[in-house]
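I opened a notebook for this structure and wrote down what I looked up, entry by entry.

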Amino acid sequence: MTDYKTITFEQKGRVALVTLNRPDALNALNAEVMQEVVDCFAAIDRNKDIAVSVLTGAGRAFAAGADIKEMQPQSFSDMYVEDYFAGWDRFAASRKPVIAAVNGFALGGGCELAMMCDLIIASDKAKFGQPEIKLGVTPGMGGSIRLTKAVGKAKAMDLVLTGRMIDGTEADRIGLVSRVVPHDTLMEVALAAAEEIAAFSVPSLMAAKEMVARALELPTTEGVKFERRLFQGLFGTADQKEGMSAFSEKRPAKFEDK
Ligand code: CO8
C-alpha cells in the first residue's frame with residue numbers, strides 16, 4: 001500500500017494522509033496519478049485500522065488540473081471508448097470520509113477532485129477555478145454538476161464561463177469550501193479535524209457520508225426515507241449501544257466499529 005510513484009501514503013493512527021506528489025507539474029492529474037489514488041483509497045476502505053483520510057498536494061498546488069500534455073493528443077474515440085478518467089468515479093464512491101486539504105492551486109480537475117471529497121479545508125492562499133474554457137473544453141470530472149450544486153448557478157456560471165480563479169476566502173464566502181484557514185495552519189487544522197472524526201464509529205461515519213451524499217441526488221421524501229433506514233440500521237450496531245450508554249454513564253464512548 002505504500003509503493004506509489006506519484007502519491008505518498010502515511011498512516012497516523014486512524015487517519016490516512018495521502019499526498020499528490022508531482023510538484024514539478026503542479027500535481028497535474030495524469031492516468032497514473034488517477035490509478036494510484038483509486039488503488040490507495042480502495043485499500044483505505046478495506047483497511048479496518050483507518051477511519052478517515054486527508055488528501056493534499058505537495059508543493060504549490062493541490063492539483064492544477066488534469067494533465068494537459070497527456071490529454072492534448074487524444075481523439076474523441078480515445079476519450080469515449082477508453083472512458084478516460086472514469087476511474088475518478090471510483091474515488092468519488094469511496095465509503096470512508098475524505099477531507100481535501102487544499103494548499104494551493106485547485107484548478108480544473110483539481111477543483112473537481114476537491115469537490116469529490118467530503119470536506120474541503122482551504123488555505124487562504126488556495127486558488128480555485130474551472131479554467132478549462134481557456135483550453136477549448138469544459139469541466140469533465142463532474143465540475144459542472146458538483147460546483148453548481150455547491151455554489152448555485154450564478155457563481156458556477158461565472159467560474160465556468162470566465163475560467164477566473166478565486167482565493168480560499170472567496171471560496172469560503174460562496175460555499176465551495178467547509179473552512180478557510182491561515183496557510184501555515186492548514187495541515188494542523190485538517191489533521192485535527194480528521195482525528196476528531198476518526199474518534200467516531202466507522203459504521204456511523206459511513207452512513208452519515210452516504211446519506212449526505214444521497215441528499216444531493218434524491219427528492220426530499222425519498223432522502224428522508226433513505227436517512228431513516230440507515231439511522232434504524234445503526235441500532236443493530238454495538239457502537240450505538242456503547243455511544244448511548246456512555247452518554248447516560250457520563251463517560252467517553254469507546255467505539256469498536258461494530
Ligand atoms: N497539466 C500539465 N502540466 C501542468 C499543468 C496541467 N494541468 N499545470 C501546470 N503544469 C506544469 C507546467 O506545464 C509547468 O511545467 P514545465 O516546468 O515543464 O513547463 C509546471 O507545471 C509549472 O507550471 P507553470 O510554469 O505554468 O507555473 P505558473 O506559476 O507560471 O502558473 C498555473 C501556474 C496558473 C496553475 C498554470 O500552471 C496553469 O494555468 N496551469 C493549467 C491550469 C489548467 O488549465 N487546468 C485545467 C486543466 S484541464 C482539466 O483539468 C480538465 C478536467 C476534466 C478531465 C476529464 C477527462 C474525462
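**Entry 1: two residues with positive phi**

I began with Asp83, which counts as partly exposed because its relative accessibility is 48%. The cut-offs I used are these: buried is under 20% relative accessible area, exposed is over 50%, and partly exposed is in between, with a 1.4 Å probe and protein chains only. Asp83 is found in the loop between helix H3 (76–81) and H4. Helices (H or I, at least four residues) and strands (E, at least two) are DSSP runs, numbered from the N terminus. I looked up the backbone of Asp83 and noted a positive phi of about 50°, although Asp83 is not a glycine. Most residues other than glycine have a negative phi.

I then turned to Lys250, which also is not a glycine and has a positive phi of about 55°. Lys250 lies in the segment after helix H12 (238–248). With a relative accessible area of 79%, Lys250 is exposed.

**Entry 2: ground rules**

I noted that this is a predicted model, in which local features need pLDDT of at least 70 and side-chain atom pairs count only at pLDDT 80 or more, while totals for chains, interfaces and linings use all residues. Residues are numbered from 1 along each chain as its sequence is written, and side-chain values use heavy atoms, with hydrogens and water left out.

**Entry 3: the two domains**

I looked up the domain assignment, which gives domain 1 (7–198) and domain 2 (201–249); such bounds come from an automatic or database assignment. The C-alpha centres of domain 1 and domain 2 lie 26 Å apart. I found 10 residues of domain 1 in contact with 6 residues of domain 2, where contact means heavy atoms within 4.5 Å.

How much area do domain 1 and domain 2 bury between them? The value is about 790 Å², 61% of it on carbon and sulfur atoms. Buried area here is the accessible area (1.4 Å probe) that two parts lose on being put together, summed over both.

Between domain 1 and domain 2, 4 residue pairs are in polar contact, both residues at pLDDT 80 or more. A polar contact is a pair of N or O atoms within 3.5 Å; within protein, one must be able to donate a hydrogen and the other to accept it, and residues adjacent in sequence count only if both atoms are side-chain atoms.

**Entry 4: salt bridges**

I counted as a salt bridge a side-chain nitrogen of Lys or Arg within 4 Å of a carboxyl oxygen of Asp or Glu. The structure holds 9 salt bridges. Across the interface of domain 1 and domain 2 the rule finds 1 salt bridge. Asp118 forms a salt bridge with Lys209, with the closest N and O atoms 2.8 Å apart. Asp118 is partly exposed at 35% relative accessibility, whereas Lys209 is buried at 15%.

I looked next at Arg22 and Asp67, whose salt bridge has its closest N and O atoms 3.0 Å apart. The two residues are 45 apart along the chain: Arg22 is in the loop between strand S2 (15–20) and helix H1 (31–46), and Asp67 is in the loop between strand S4 (61–63) and helix H2 (68–71). Arg22 counts as partly exposed at 22%, and Asp67 counts as buried at 8%.

I also noted a network of salt bridges that links Asp158, Arg164 and Glu170. Arg164 and Asp158 meet at 3.1 Å, N to O, and a polar contact of 3.2 Å joins the side chains of Glu170 and Arg164. Glu170 is in helix H8 (residues 168–173) and is buried at 18% relative accessibility.

**Entry 5: buried places**

Is Trp88, in helix H4 (residues 87–92), buried or exposed? Trp88 is buried, because its relative accessible area is 0%. Not counting residues up to four places away in sequence, Trp88 touches Leu29, Met34, Val37, Leu113, Met116 and Met141. Leu113 and Met116 are among the buried residues of H5. In helix H5 (residues 109–116), 8 of its 8 residues are buried.

My last lookup was Thr56 in strand S3 (residues 52–57). Thr56 is buried at 5%. A polar atom of the Thr56 side chain lies 2.8 Å from the backbone oxygen of Ala101.
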